[in-house]
Amino acid sequence: MTIRMNNVGIVVEDLATTVKFFEALGLELEGQTMVEGEWAGRVTGLGDQRVEIAMMRTPDGHSRLELSRFIEPAVVADHRRAPVNALGYLRVMFELDDLDTALARIEPYGAELVSTEVVRFEDVYRLCYVRGPEGILLGLAEALR
């Protein structure tokens with residue numbers, strides 16, 4: 001059996017701002033579309049639905065992030081500010097070649113460090129957690145080569 005991760009999905013309220021945030025981080029907009037109808041609801045278990053989707057990809061083409069804005073049915077829960085020890089919490093980790101530049105590029109979009117500093121893990125990585133637009137939690141890592 002072969003397995004490959006296709007994408008990670010995040011539901012957002014402001015799709016345009018979130019797309020711009022991830023573009024500033026270095027991801028590319030692969031495409032944007034509306035997903036709707038009974039067939040989609042059979043997949044998600046939500047019934048008839050209308051969802052605006054933006055697919056972002058890393059420049060190497062190996063990883064994707066699916067951003068979804070639900071029009072119908074309405075969003076039923078909000079986990080955007082859940083702490084990292086909450087059950088089912090979501091964090092996406094990106095490895096970058098220049099962490100400081102990435103932080104400067106995403107700061108205008110509201111990105112804030114979760115802690116007070118970027119930390120060093122031995123001689124392997126510089127790491128931090130960042131909250132982006134809508135409280136999206138990202139891990140950012142720079143390999144120390």
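How many nonpolar, polar and charged residues are there in the lining of the second largest pocket? Keep that one in mind; we'll get there after a look at the whole chain.

**Stop 1: the whole chain**

Start with everything shown as a cartoon. What you have open is a predicted model. Colour it by pLDDT if your viewer can: the chain averages 92, and 100% of its residues reach 70 or more. To see the two ends of that scale among the elements, select residues 38–44 and then residues 15–25. The stretch 38–44 is helix α2, with the lowest mean pLDDT at 83, while 15–25 is helix α1, with the highest at 97.

Now count the pieces. The chain has three helices and nine strands. Trace them from the N terminus and you'll pass β-α-β-α-β-β-β-α-β-β-β-β. Turn the C-alpha trace around as you go: along its principal axes it spans about 50 × 35 × 30 Å. Of the 145 residues, 33% are buried. Take the contacts with a separation of 6 or more, and 58% of them join residues 24 or more positions apart.

**Stop 2: helix α1**

Select residues 15–25 again and show the side chains. Which residues of α1 are buried? They are L15, T18, V19, F21, F22, A24 and L25. Next, bring up what covers them: β2 (28–36), β3 (50–57), β4, β5, α3 (99–106) and β9 are included in that cover.

Then zoom in on the start of the helix. D14 caps the N-terminal end of α1, with a side-chain oxygen 3.4 Å from the backbone nitrogen of A16. Slide along to what follows α1 and you meet G26, whose phi is positive, near 125 degrees.

**Stop 3: E134**

Stay with D14 on screen and add E134, because D14 is among the residues that E134 contacts, leaving aside its neighbours within four places in sequence; V12, E13, T18 and R80 complete that set. E134 is found in the loop between β8 (125–131) and β9 (137–143).

Is E134 buried or exposed? Its relative accessibility is 18%, so E134 counts as buried, the cut-off being under 20%. Measure from its side chain to the backbone nitrogen of E13 and you should find 2.6 Å. Check the backbone of E134 too: phi is near 60 degrees, a positive value in a residue other than glycine.

**Stop 4: another positive phi, and a cis bond**

Hop to E122, in the loop between β7 (119–121) and β8. Phi of E122 is near 50 degrees, again positive in a residue other than glycine. E122 is exposed, with a relative accessible area of 57%.

For a peptide bond worth a look, select E72 and P73. The bond from E72 to P73 is cis, with omega near -10 degrees. P73 sits in the loop between β4 and β5.

**Stop 5: the largest pocket**

Switch on a surface and centre the view on V11, A77, D78, H79 and R80. Of the 27 residues that line the largest pocket, these lie nearest its centre. You've met R80 already, as one of the contacts of E134. Which elements give two or more residues to this lining? They are β1 (8–11) and β4 (64–72), and β1 gives the most, with three residues.

The volume of the largest pocket is about 760 Å³. Colour its lining by class and you'll get 17 nonpolar residues, four polar and six charged.

**Stop 6: the second largest pocket**

Last, move to T58, S63, M93, F94 and E95, which lie nearest the centre of the second largest pocket among its 20 lining residues. Highlight β4 and β5 (92–96), the elements that give two or more residues to this lining. β5 gives the most, with five residues. The space in this pocket comes to about 430 Å³.

And that brings us back to the opening question. Colour the lining by class: ten residues are nonpolar, six are polar and four are charged. Leave β4 highlighted and flip back to the largest pocket, since β4 is also one of the elements that give two or more residues to that lining.

Terms used:
Residues numbered from 1 in each chain as written. Predicted model: local features only at pLDDT ≥ 70, side-chain atom pairs only at ≥ 80, totals over all residues. Heavy atoms only, no water. 1 Å grid on protein atoms, 1.4 Å probe; cavity = no way out; pocket = protein on both sides within 12 Å on 5 of 7 lines; lining within 4 Å. Points joined across faces, edges and corners; volume = space filled by probe spheres on them. Helix = DSSP H or I, 4+ residues; strand = E, 2+ residues; numbered from the N terminus. Nonpolar A, V, L, I, M, F, W, Y, C, P; charged D, E, K, R; others polar. Buried < 20%, exposed > 50% of the residue type's maximum accessible area, 1.4 Å probe, protein only. Polar contact = N/O pair within 3.5 Å; in protein donor to acceptor, adjacent residues only side chain to side chain. Contact = heavy atoms within 4.5 Å. pLDDT = per-residue confidence, 0-100.
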